[in-house]
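User: Please take a close look at a single chain of this model and describe how its parts are arranged. I would like one connected account, with the cut-offs behind each term.

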Amino acid sequence: MGILRSLLSLRLASLLVLLMAIAAPAFSQTEEDPGQALLANLADASPRQMDAAIEAIVNSGDPRARSWLDAFGNNRLSRNKDTGQVVVVLRNVGRDWTIADPLTGENLGEISRRELDRVNINNAIRGKLEGVLAMLDLYSTNPEIQRTAAEAMMGKVNETVIEPLNNLLAQDLPARVRDRLELAVAIYQLEQGDAQAKADAITTLTGSLHSRARAALNNAVAGDDPAIAASAKAALISIEQKLKMNRAAETLYFGLSLGSVLVLAAIGLAITFGVMGVINMAHGELIMLGAYTTWGMQQLLPGQPGLALILSIPAGFMVAALAGIAIERSVIQYLKGRPLETLLATFGISLILQQLVRTVISPLNRSVTTPEWMSGSLVINDALSLTLNRLYVIGFALVVFAGLMLIMRRTRLGLEVRAVTQNRAMARSMGIKATRVDIMTFALGSGVAGLAGVALSQITNVGPNLGQNYIIDSFMVVVFGGVGNLWGTLVAGLTLGTINQILEPWAGAVLAKIMVLVMIILFIQKRPRGLFPQKGRAAEG
Amino acid sequence: MSIKKHVKLGLSALALSVSFHAMAAEDPIKVGILHSLSGTMAISETALKDTMEMLIEKQNEQGGVNGRMLEAVVVDPASNWPLFAEKARELLEKEKVDVIFGNWTSVSRKSVLPVVEELNGLLFYPVQYEGEESSENVFYTGAAPNQQAIPAVNYLKDELGVERWVLAGTDYVYPRTTNKILETYLKDMGVAEADIMINYTPFGHSDWQSIVSDIKAFGSAGKKTAVVSTINGDANVPFYRELGNQGISSSDIPVVAFSVGEQELSGIDTGPLVGHLAAWNYFMSVDNDANYDFIDAWVEFKGDDKAVTNDPMEAHYIGFNMYVEAVKKAGTTDVEAIKEAIIGVAVPNLTGGIATMMPNHHITKPVLIGEIQDNGQFSVVWETSSTVAGDAWSDFLPGSRDLIADWRAPMKCGNFNVKTGSCGASAGEQALADAE
């Protein structure tokens, strides 16, 4: 009960934290602040004494306890080597670190990191600390914090918290929190309880898709009690059935997500290569430029990664489109109708662009921050959650595709592009400026590659090699889908993505890739013009 | 096209120090630097080239070695494996360098091996590798598997209670050999076949969805699970991102990586990675004055406040100091004399210990386990009580169990079979045979 009381008092106390921060320090200079001893105790604790030191801080009921433990969990507690004072590190980058007094919150200015000795924390302690903090948060009046805390309690229940948890369960709780806590308690009971508690726990856990629940049941199957093992086994089998559906849905999602990345990377190429017939080996580097634009934008707008990302969409398009125009004007226009030379020249450009980025920016990858609203996942159920960044990319790919279709089908530019690619001489004699159309088309394709780069910056690393990783895949998708057909690119990208993800768990990543390539080779043998071949006279050109 | 430059760093020091004038007038000691400055490996190797230039500059400020200045000869093998061999030949034959510091990947080292053996050069190789090699002309200042992989697995097993293992790696020689060693080691310790999952991915793999999902499923079998990652280079960023997005935290399934250092982390938002592990012989965060001095010098040399140091840089620091000590000891830069003098040479490392060159051309190193922090640094959570000597031939591979390397007279052999009592082909001949 001791810990419960202190937890409750902490809850009340946490409400007072704000007041405390404003008010003068509670302890006069002459009186020894008990926090000092608590922190020194934590800093001195050997790994074995850590539990007791953390418990002492929780039990003290000190309103600042939460902030101390947070700082400890985040690796921010350090000891001044000279004075022995425990301090909180506010900024730990560079040679001089900003520190503050954990007792008063007073900023103590900068200190050389040589003077600081970190209070050690490792995974095991952090895991326990997360449990302790989650237990505190369960009493929060903020339903969001309470829910997260209940989530974190899974697998963290031990004999010290079981009683307060049961008391909490006797109270009125939001359904989601109650559900989680019941599961968490059941997992503990299945591991530690008596025979009856174990049987009850299995009933609770039956049907749960949570991985911790499965882990506990798996352990019970391997346990000594044959009756418990048998019912745990039955529970597992029923769970396994449900999981199958979820796994299938997950694979489909993975496939669509990989497919949408492929579509994004390839759709620009579908225009420059597919429609114009230019083999542009620098396509990958145009993607890279888009990704670097995102990085640059985030550097310009520090602290606002979301806004920077949204602004990067037009900016990435423009940067890549301008680079595309430069490439078209300086090289490609002189190589019209000479595919081999175009291939070699653009390959050279791709190497130049890569090395340019390496020399001017850095050979190292750049860190692009994922905005808050794009990280984490959309939880459907315990076994199925859709990662948000990829969900956005799927949506973005579809929007870009729809936009391109509109441009090609409904605008003057689209009409002219189609006219020029079908019959250049005829189009020119009808008064269409073929050279202008060439520039615009190439700019459009390049700009779309830039858009792909903006999206990819949220999935993979932004570095000089980014483009290389996508160029082969892009050509693969365009050829498979049928050169000159945007729908083909969409279908081909999604198909290849899904096939790859279906094969991968079964054959391994390396073999899956090889199998997809072999499949495409065989397919092209049968249908040289891809999934959706162009028909009619246009196809002959 | 290669970028080649001759850096005469000695000149400034020469002007300053009149007393050394007479001796410094001798020919400089030529130090070849064979690291890719362009292509895919430039991401890792550029910093090593800079480290060497800094070390040479510092040494020259102190008057060089034996009164002779040092001169860096930089070539760019452009991440192209055959070009490594050509550039090594150019360094040794045309530039007549006294020693080469270079290479990152094992395949590039294997490509250079026949050349340095044929032309009797000296090569210091600074990166952790899969072992199974000891050449008369190569000094391995990075970690062998027993100085990184095995201690890391011991830490996971003993301190974190891990019973189920995912061995995930990029599909090439280093991860494959390391995982083979680890698999045998784990099985020797009684881990069941079903508790080991091995997964290989291609270079630069960027779509980790289904693999991370597999790892998640593998980890829900009830036993504590950990991932031992030999995933190389760029593929790590999307891998860690996917882990974070699928909600796998370090307290659920910790990942211990052998190829992720400070430099790799500088390209990632490390928030979601806090608590994942890496095993190295050096971390930038090591609390030691020698280390702080090195970092300060590096930051000053780079002119970048955010410049980071990493394990292979420390390896070059050790290797360079060992070479300098050997030259002092031998009183000459003659290759045969250095080979003899350097065995047993001991220099301080940056973590507060001493590195000694062993007769098998590997060095003694402490093994550190660090946890990723939110500032892109590692905090050391565990280290070996003393240094560990590098083992050229693993005890956990059937073919290499009976082999030992000892380059002292009278044995002078890199792969002496203690059962048959015979010495096998040299590492360079082996590399040539494998290539065919």
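Analyst: Chain B: domains, sheet and helix pair

In this predicted model, the C-alpha centres of domain 2 and domain 3 of chain B are 32 Å apart. The domain bounds, which come from an automatic or database assignment, place domain 1 of chain B at 5-143 + 287-364, domain 2 at 146-285 + 368-389 and domain 3 at 403-435. Residues are numbered from 1 along each chain as its sequence is written, while chains are lettered from A and ligands numbered from 1 in the order in which they are written. Local features need pLDDT of at least 70 and side-chain atom pairs count only at pLDDT 80 or more, whereas totals for chains, interfaces and linings use all residues.

Chain B contains an open sheet of 7 strands with mixed pairing, in the order β8-β7-β9-β10-β11-β15-β16; strands (E, at least two residues) and helices (H or I, at least four) are DSSP runs numbered from the N terminus, and two strands pair if DSSP finds at least two bridges between them. Because β8 (196-201) and β16 (378-383) of chain B each have a single partner strand, they stand at the edges with one side left without a neighbour in the sheet. On average, neighbouring strands of this sheet are turned by 25° against each other, direction ignored.

Strand β7 of chain B, residues 164-170, pairs in the parallel sense over 6 bridges with β9(B), residues 225-230, and within this pairing B:L167 has B:V228 as its bridge partner. β7(B) also pairs with β8(B), in the parallel sense and over 6 bridges, where B:G169 stands opposite B:Y200. Between β7(B) and β8(B), helix α7 of chain B (173-188) completes a right-handed β-α-β unit, meaning that, with the strands pointing away from the viewer, the path from the first strand over the helix to the second runs clockwise.

A helix pair is found elsewhere in the chain: α4(B), residues 81-94, packs against α5(B), residues 106-118, at about 35° with axes 8 Å apart, the axes being lines fitted to C-alpha atoms over the stretch in contact and angles running from 0 to 180 degrees between N-to-C directions. The crossing of α4(B) and α5(B) is right-handed, that is, the near helix is turned clockwise from the far one by less than a right angle. Among the residues in contact (C-beta atoms, placed from the backbone, within 7 Å) are B:W81 and B:F84 of α4(B) and B:V112 and B:V115 of α5(B).

Key. Contact = placed C-beta atoms within 7 Å.
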